[in-house]
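Hi,

Here is the structure I said I would pass on. Have a look at it first, and then read on for what turned up when I went through it.

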Amino acid sequence: MAEKKYYVLPDLPYAYNALEPYISEQTLRLHHDKHHAAYVNNANNGLKKLEAARQSNTELDIKALLKDLSFNVGGLVLHNLFWDNMTPATQAKKAPSGTLADVINGEFGSFDRFKKEFTQAANSAEGSGWAALSFCKKTRRPIIMQVEKHNVNVYPAFEIIMVLDIWEHAYYVDYKNERAKFVDAFWNVINWGKVNDRLEMVIKEGNQS
Ligand code: MN
């Protein structure tokens with residue numbers, strides 16, 4: 001039987017201080033090395049628990065285990081996307097171009113309207129969660145998700161192309177209780193080129209399926 005694969009924690013695609021002054025080095029070190037790493041480890045531990053129970057053919061609390069696994073896999077996947085859709089402010093463009101700009105304008109009417117709705121989704125999420133821009137391959141329309149925790153309110157099979165983490169661990173060191181300031185800061189460090197690449201990949205896959 002093929003060797004089982006597990007999740008790995010990817011390195012950040014930039015230095016820990018690269019997103020300053022919008023996101024501090026301290027925040028990125030904690031967020032990536034501790035929080036993200038924990039989701040990866042816990043997801044792998046969940047997989048190993050399933051494997052162990054199957055090998056010994058023993059009962060497991062499958063309800064609790066699957067809930068836990070969904071939370072941790074959701075967490076690690078969203079963090080991978082989050083790091084990838086940011087870039088140092090000196091290299092970030094102010095707004096998207098190309099296919100992404102066309103899709104956003106087609107759905108929301110303007111970039112400003114999209115920015116407003118995404119910002120509201122991020123600011124109004126209760127407790128821990130994410131704002132995410134996703135794309136439905138059936139309707140070929142983008143749609144904003146307001147994800148609770150890492151895995152609630154997700155539309156199955158929609159492709160997520162851009163995310164913003166609004167868990168307190170994402171901003172408390174830098175902005176204390178002022179989440180809205182962190183959400184505003186995010187717009188300075190978005191890697192629109194990467195988000196556009198992701199969207200084009202999703203559209204291409206949609207054409208084939
Ligand atoms: Mn996080």
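Lysine 181 and glutamate 178 pair up through their side chains in a salt bridge, with 3.3 Å from N to O. Bear in mind that this is a predicted model, and that goes for everything below. Neither partner is hidden away: lysine 181 has 47% relative accessibility and counts as partly exposed, and glutamate 178 is partly exposed as well, at 38%. Elsewhere, Lys137, Glu159, Arg198 and Glu205 are joined into one network by salt bridges that share partners.

Searching the whole structure turns up 8 salt bridges. If you want the general idea, side chains of opposite charge can pair when their charged atoms come close. One of the salt bridges is between glutamate 117 and arginine 113, where the N to O distance is 2.9 Å. Both of these residues sit in helix H4, which covers residues 111-124, and they are 4 residues apart, about one turn of the helix. Glutamate 117 is partly exposed, with 27% relative accessibility, and arginine 113 is partly exposed too, with a relative accessible area of 38%.

Now for a pair that reaches across the chain. Lysine 194 forms a salt bridge with aspartate 84, and their closest N and O atoms are 3.1 Å apart. This one links distant parts of the chain: lysine 194 belongs to helix H7 (residues 192-208) and aspartate 84 to helix H2, with the two positions 110 residues apart in sequence. Lysine 194 comes out as partly exposed at 34% relative accessibility, and aspartate 84 is also partly exposed, at 33%.

That brings us to the domains. The domain assignment of the protein gives two ranges, with domain 1 at 25-84 and domain 2 at 98-208. Their C-alpha centres lie 22 Å apart. Where they meet, 16 residues of domain 1 are in contact with 18 residues of domain 2.

How much area is buried between domain 1 and domain 2? It is about 1,500 Å², and carbon and sulfur atoms give 67% of that. On the domain 1 side, Thr27, Leu78 and Phe82 supply 38% of the area buried against domain 2, more than any other three residues. For context, the size of an interface is often given as the accessible area lost when the parts come together.

As for polar links, there are 8 residue pairs in polar contact between domain 1 and domain 2, counting pairs with both residues at pLDDT 80 or more. Two elements give two or more residues to the side of domain 1 that touches domain 2, namely helix H1 (25-56) and helix H2 (62-84). H2 gives the most to that side, with 10 residues. Sorted by class, the domain 1 side has 6 nonpolar, 8 polar and 2 charged residues. The rule finds 1 salt bridge across this interface, and aspartate 84 with lysine 194 is a pair you have already met, at 3.1 Å.

A few single residues are worth a click while you have the model open. Asparagine 72 is in helix H2. Is asparagine 72 buried or exposed? Its relative accessibility is 3%, so it counts as buried. Leaving out residues up to four places away in sequence, asparagine 72 touches Tyr39, Asn42 and Ala43.

Over in helix H1 you will find alanine 37. Alanine 37 is buried, with a relative accessible area of 13%. With residues up to four places away in sequence not counted, alanine 37 touches Leu9 and His32. Alanine 37 is also 9.9 Å from glycine 75, C-alpha to C-alpha, while the two are 38 residues apart in sequence.

Last, go to the loop between H2 and helix H3 (98-108), where asparagine 85 lies. Asparagine 85 is buried, since its relative accessible area is 3% and the cut-off for buried is under 20%. Setting aside neighbours within four places in sequence, asparagine 85 is in contact with Ile161, Met162, Val163, Phe186, Val189, Ile190, Asn191 and Val195.

Cheers

Conventions: Residues are numbered from 1 along each chain as its sequence is written. This is a predicted model: local features need pLDDT of at least 70, side-chain atom pairs count only at pLDDT 80 or more; totals for chains, interfaces and linings use all residues. Side-chain values use heavy atoms; hydrogens and water are left out. Domain bounds come from an automatic or database domain assignment. Contact means heavy atoms within 4.5 Å. Buried area is the accessible area (1.4 Å probe) that two parts lose on being put together, summed over both. A salt bridge is a side-chain nitrogen of Lys or Arg within 4 Å of a carboxyl oxygen of Asp or Glu. A polar contact is a pair of N or O atoms within 3.5 Å; within protein, one must be able to donate a hydrogen and the other to accept it, and residues adjacent in sequence count only if both atoms are side-chain atoms. Ala, Val, Leu, Ile, Met, Phe, Trp, Tyr, Cys and Pro count as nonpolar, Asp, Glu, Lys and Arg as charged, and the others, Gly among them, as polar. Buried means under 20% relative accessible area, exposed over 50%, partly exposed in between (1.4 Å probe, protein chains only).
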